[in-house]
Amino acid sequence: MKCHDEDNEYPVLPIFKTKHGELNDPNTPMAKLQCETCHGPVGDHKKKAKKGQKKAPIRAFGKNAWTPIAEQNGVCLNCHLDHNRMNWSGGPHENEDMACADCHVVHARKDPMLEARSQTQKCMSCHLKQRAEFNRTSSHPIRFGNMRCTQCHNPHGSFSDNQLKATHKNELCYTCHTEKRGPLLWAHAPVAEDCTLCHSPHGSLHQALLKKRPPLLCQQCHAAAGHPSVAYSGSGLPSGTPNQFLLGKSCLNCHSQVHGSNHPSGVKLLR
Ligand code: HEC
Ligand code: HEC
Ligand code: HEC
Ligand code: HEC
Ligand code: HEC
Ligand code: HEC
Ligand code: HEC
Ligand code: HEC
Ligand code: HEC
């Protein structure tokens with residue numbers, strides 16, 4: 001710290017405002033071997049470099065550092081291989097050779113990963129398709145800083161597909177949309193099966209995150225024949241009897257309980 005003081009080009013000192021700099025907790029790096037816990041033995045690094053030569057290196061962090069990624073991550077995982085990171089190894093981010101320090105900033109008062117806006121900005125800097133989805137007219141309120149990617153995903157890996165935090169997609173949705181869990185007298189089969197049959201989890205151009213608009217949404221599974229199925233438009237239509245009940249909310253004008261019904265006679269999801 002004689003060299004890495006407040007005048008240093010890299011702001012080292014903010015680490016003392018973080019948990020890693022806490023000296024009273026025996027588990028922190030600063031209470032152990034201090035800077036060397038992470039950066040390794042200082043060795044020749046403190047010697048002045050000979051003329052025309054570079055200073056002896058010390059363990060460095062990040063994608064472009066000379067230290068191999070596995071060695072860098074090993075340092076962090078020495079202390080952080082807990083239930084949140086037990087699937088790091090073999091997970092998609094590890095497979096992409098990402099370093100912990102690609103996302104986390106250790107020498108900062110507040111790690112940007114622990115704040116909603118800076119976290120999602122970082123995720124979206126790589127996940128451009130998802131960034132576009134969250135900017136659609138109907139979306140989970142990520143872009144307003146009211147939600148984080150990590151409410152649904154664990155970026156350190158998980159037991160499920162897509163690094164989801166829950167083992168079943170519906171379990172994930174129920175953690176916030178509890179009223180959809182039921183139990184219901186008359187369940188609608190696809191709702192109990194998988195919310196994403198009808199909803200896109202990130203965002204959509206249709207209201208309520210719907211993948212398609214009714215009646216087409218419903219007609220992916222239900223026959224159009226023998227039932228009001230085509231909206232009245234005033235012009236000649238290809239098939240079926242045009243019906244004004246399919247305007248506006250479409251099938252939901254009558255089948256309003258699309259997520260299931262608790263009414264004794266709600267078997268057709270009408271009430
Ligand atoms: C918890 C592990 C950890 C501890 C403890 C730690 N560092 Fe770091 N250090 C890092 C990481 C990770 C980086 C990469 C940038 C970042 O995250 O801020 C880094 C970056 C640096 C850099 C910039 C290096 C470069 O390549 O530009 C310097 C200088 C530095 N640390 C010095 C120190 C000093 C001095 C101490 C002790 C006061 C210290 N570090 C303690 C993890 C640590
Ligand atoms: C010597 C053990 C040790 C090492 C090495 C270590 N950490 Fe930590 N880290 C801790 C402790 C202890 C805490 C505080 C945990 C707590 O209070 O719950 C912590 C907290 C954190 C937090 C949460 C900070 C907060 O404000 O809640 C992050 C993020 C983190 N460490 C990332 C890293 C990264 C990235 C590395 C590697 C560059 C690393 N750690 C290396 C011990 C370590
Ligand atoms: C893709 C970006 C990314 C990478 C890579 C990453 N993290 Fe994280 N990490 C996060 C985010 C985002 C959070 C905040 C989680 C939340 O909001 O609940 C976090 C939280 C943490 C925390 C504090 C909360 C907790 O989960 O215990 C620790 C400790 C941590 N990470 C350690 C690591 C270590 C060690 C590595 C490398 C093996 C690593 N992280 C790699 C994004 C990342
Ligand atoms: C409300 C929960 C939720 C939030 C918040 C969320 N996701 Fe997702 N994400 C999901 C679900 C569920 C899937 C699985 C998609 C499927 O099966 O149709 C998924 C899938 C993905 C995938 C895999 C490819 C794809 O699009 O199907 C990526 C990458 C992804 N999410 C990144 C992100 C990023 C980045 C953020 C934050 C900007 C984020 N997610 C926020 C629920 C969420
Ligand atoms: C440096 C670029 C980068 C950053 C930053 C990043 N990711 Fe990724 N992520 C990737 C790559 C590359 C993959 C693997 C390829 C893929 O599936 O898109 C991946 C995979 C994923 C997957 C699994 C996708 C699947 O198909 O199973 C999810 C979910 C995800 N990332 C979420 C996040 C979240 C949340 C954050 C922020 C905390 C984040 N990512 C930050 C590059 C990044
Ligand atoms: C971490 C909490 C959380 C999780 C998990 C979550 N949601 Fe949401 N959801 C919200 C919030 C917050 C809103 C916005 C409510 C608002 O704008 O009033 C929302 C809005 C919605 C809406 C749109 C409501 C409307 O009227 O436009 C739908 C549909 C939805 N979520 C479906 C899902 C599905 C499907 C899943 C599972 C893949 C899921 N949600 C997981 C918190 C969550
Ligand atoms: C069969 C298709 C379908 C499935 C499956 C489905 N939904 Fe919906 N959902 C809809 C439709 C259609 C609307 C629009 C309702 C309206 O316009 O009144 C909607 C609206 C919503 C809304 C906003 C309005 C409200 O009722 O609160 C939320 C939240 C929601 N769904 C969550 C979920 C969750 C969670 C699941 C999984 C348990 C799920 N949906 C499964 C079709 C479906
Ligand atoms: C992913 C396929 C799927 C989608 C999309 C879907 N449903 Fe269903 N629906 C089903 C299945 C499966 C059943 C159960 C059929 C049975 O038990 O015979 C069902 C049952 C029903 C029933 C009760 C039928 C009966 O005979 O008791 C009604 C009414 C209904 N759906 C209306 C809708 C409406 C309205 C929509 C659009 C908002 C919709 N469904 C979207 C698959 C779907
Ligand atoms: C004008 C009101 C109305 C509209 C609009 C409507 N339905 Fe129905 N639907 C009903 C009624 C009433 C029944 C119950 C018939 C019975 O009990 O015999 C029913 C029954 C059903 C059934 C159960 C199968 C059956 O024939 O009994 C399904 C599936 C269904 N509707 C799907 C849809 C779909 C999909 C749409 C949109 C394309 C839609 N409905 C639009 C009133 C409507």
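The exercises below work through iron sites, a helix face and charged side chains in a predicted model.

**Exercise 1. Determine which residues hold the iron atom of ligand 5, and what geometry the site has.**

Step 1: The protein donors are the NE2 atoms of H93 and H127, which coordinate the iron atom of ligand 5 at 2.0 Å.
Step 2: The six donor atoms around this iron atom subtend angles of 88 to 179 degrees, and the arrangement is therefore octahedral.
Step 3: H93 belongs to helix α3 (residues 92-95), whereas H127 sits in the loop between α5 (116-126) and α6 (128-134), so the pair ties together parts that are 34 residues apart in sequence.
Step 4: H127 has a relative accessibility of 39% and so counts as partly exposed.

**Exercise 2. Work out where the protein donors of the irons of ligands 2 and 4 lie in the chain.**

Step 1: For ligand 2, the iron atom has H20 (NE2) and H80 (NE2) as its protein donors, at 1.9 to 2.0 Å, and the site is octahedral, with angles of 87 to 179 degrees among its six donor atoms.
Step 2: H20 is found in the segment before α1 (35-39) and H80 in helix α2 (residues 69-80), which places the two 60 residues apart and links distant parts of the chain.
Step 3: H20 is partly exposed at 29% relative accessibility, and H80 is likewise partly exposed, at 36%.
Step 4: For ligand 4, H153 (NE2) and H202 (NE2) coordinate the iron atom at 2.0 to 2.1 Å, in a site that is octahedral, its six donor atoms making angles of 87 to 179 degrees.
Step 5: H153 lies in the loop between β1 (138-139) and α7 (169-176), and H202 in the loop between α8 (189-193) and β2 (203-204), 49 residues apart.
Step 6: H153 is partly exposed at 23% relative accessibility, while H202, at 18%, is buried, the cut-off for buried being under 20%.

**Exercise 3. Show which residues of α5 are buried and how they are arranged around the axis.**

Step 1: The buried residues of α5 are A116, Q119, T120 and M124.
Step 2: Because these residues cover an arc of only 125 degrees around the axis, they are on the same side of α5.
Step 3: That spacing can be understood from the helix itself, since an α-helix has 3.6 residues a turn and residues three or four places apart therefore point the same way.
Step 4: The buried residues of α5 pack against α6, whereas Q121 and C126, on the other side of α5, are exposed.

**Exercise 4. Explain how the salt bridges E133–K129 and R181–E171 are placed in the chain, and establish whether D102 is paired or unpaired.**

Step 1: In a search of the whole structure, seven salt bridges are found.
Step 2: One of them joins E133 and K129, at 3.3 Å from N to O; these residues are four apart in helix α6, and so about one helical turn separates them.
Step 3: Within this pair, E133 is buried at 11% relative accessibility, but K129 is exposed at 57%.
Step 4: R181 and E171 also meet in a salt bridge, at 3.4 Å from N to O, and, since R181 is in the loop between α7 and α8 and E171 in helix α7, the pair ties together parts that are ten residues apart in sequence.
Step 5: D102, in helix α4 (residues 100-103), is buried yet has no salt bridge, for the nearest side chain of opposite charge, K63, is 5.2 Å away, against a cut-off of 4 Å.

Key: Residues numbered from 1 in each chain as written. Chains lettered and ligands numbered in written order. Predicted model: local features only at pLDDT ≥ 70, side-chain atom pairs only at ≥ 80, totals over all residues. Heavy atoms only, no water. Buried < 20%, exposed > 50% of the residue type's maximum accessible area, 1.4 Å probe, protein only. Lys, Arg positive; Asp, Glu negative; His and termini not counted. Donors = N, O, S within 2.8 Å, 3.2 Å for Na, K, Ca; no water. Tetrahedral: all angles 85-135°; square planar, octahedral: opposite > 155°, others 65-115°. Arc of directions from axis to C-beta. Contact = heavy atoms within 4.5 Å.
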